[in-house]
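Trainee: I am new to this structure and would love a close look at one part of it. Could you walk me through it at an easy pace?

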Amino acid sequence: MCSSDLLVWAPGNLHELLAGFQSVMATIDGGAHWRSLSPDLTYPAGVKPPADGAAPTDGPRPGAIETIAASPVGRGTIWVGTNNGLIKVTRDEGKTWSDATIPNLPYPAAALIEKVEASTTVAGEAYAAVNVQGAGDDAPYLYRTRDWGKSWQSITEGLPTGEPNGSTVRVVRADPKRAGLLFAGTESGLFVSFDDGDHWQSLRLNLPTTSYRAVEFAGNDLVVGTY
């Protein structure tokens with residue numbers, strides 16, 4: 001599925017556009033010229049990608065970047081999630097990258113990092129929605145890190161399982177003005193947390209039972225997109 005998270009404006013430079021492929025690319029002149037901000041980020045830690053143009057050898061196969069999040073409070077901090085379950089982070093706009101993959105993911109071979117969201121108040125904090133529907137599991141998987149991805153905590157208390165259309169979390173967004181205020185969309189509903197994900201409650205109200213794929217902010221308004 002094509003994601004708008006694959007094209008992201010850098011908060012520190014609104015003329016810089018980031019794009020995700022197997023690596024992160026950047027342009028500051030409207031796409032006339034691009035530069036690479038990363039190596040291939042779709043291989044696990046400790047696995048060296050093959051040289052450009054070389055066929056992959058036996059072992060982990062490459063994936064593609066599914067989501068990019070540039071921190072609005074940590075200049076040069078960029079989070080990346082892939083469709084083969086990996087998360088990578090840079091704190092110096094791509095000069096160096098660290099592995100921030102969530103350990104002990106369920107069905108790691110089928111895990112897709114649906115959305116990585118950078119905190120709007122703390123540079124080292126981020127959230128990740130993980131989709132493992134490829135393994136036949138539509139339960140909610142949502143995580144938080146407060147230490148640059150060195151450790152992750154599951155934050156799903158209050159998110160229901162067994163929803164009519166499934167309970168997979170498709171999107172998580174942090175309010176740009178209020179610390180700890182989060183919104184999450186699943187295959188069946190919309191949810192809100194007032195305590196940084198420790199507890200969730202329904203925000204569906206009169207919204208339909210459908211898949212919520214996008215959450216945006218417009219002033220004091222919340223805008224959601226369905227599938």
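Trainee: In which sense do strand E2 and strand E3 pair, and over how many bridges?

Mentor: Happy to help, and please keep in mind that this is a predicted model. Strand E2, residues 13-20, and strand E3, residues 24-27, pair in the antiparallel sense, and 4 bridges join them. To see one pair of partners, find Ala19, whose bridge partner in E3 is Met25.

Now step back to the sheet around them. E2 and E3 belong to an open sheet of 4 strands in the order E1-E2-E3-E4, with antiparallel pairing. At its edges stand strand E1 (7-10) and strand E4 (35-36); each has a single partner strand, so one side of each is left without a neighbour in the sheet. As general background, strands of a sheet pair through backbone hydrogen bonds, either parallel or antiparallel.

E1 also leads us to the largest pocket, since E1 gives the largest share of its lining, 4 residues. The largest pocket holds about 530 Å³ of space. It is lined by 20 residues, and the closest to its centre are Val8, Trp9, Ala70, Glu117 and Arg173. At least two lining residues come from each of E1, E5, E9, strand E13 (169-174) and strand E17 (212-218). Sorted by class, the lining has 13 nonpolar, 2 polar and 5 charged residues.

From E9 we can pick out one residue. Lys115 lies in strand E9, residues 112-118, and it counts as buried because its relative accessible area is 6%, under the 20% cut-off. Leaving out residues up to four places away in sequence, Lys115 touches several others, including Asp5, Thr67, Tyr127 and Arg173.

E5 takes us to another open sheet, where 4 strands follow the order E5-E6-E7-E8 with antiparallel pairing. Its edge strands are strand E5 (65-70) and E8, each pairing on one side only. E7 and E8 run antiparallel and are joined by 2 bridges, and Val89 has Ser98 in E8 as its bridge partner.

Between strand E7 (87-90) and strand E8 (98-99) comes a loop, and Asp92 sits in this loop. With a relative accessible area of 25%, Asp92 is partly exposed. Its side chain makes a polar contact of 2.7 Å with the side chain of Thr96. Asp92 and Thr77 are 15 residues apart along the chain, while their C-alpha atoms are separated by 6.2 Å.

Definitions and conventions: Residues numbered from 1 in each chain as written. Predicted model: local features only at pLDDT ≥ 70, side-chain atom pairs only at ≥ 80, totals over all residues. Heavy atoms only, no water. Buried < 20%, exposed > 50% of the residue type's maximum accessible area, 1.4 Å probe, protein only. Polar contact = N/O pair within 3.5 Å; in protein donor to acceptor, adjacent residues only side chain to side chain. Pairing = 2+ DSSP bridges. Contact = heavy atoms within 4.5 Å. 1 Å grid on protein atoms, 1.4 Å probe; cavity = no way out; pocket = protein on both sides within 12 Å on 5 of 7 lines; lining within 4 Å. Points joined across faces, edges and corners; volume = space filled by probe spheres on them. Nonpolar A, V, L, I, M, F, W, Y, C, P; charged D, E, K, R; others polar.
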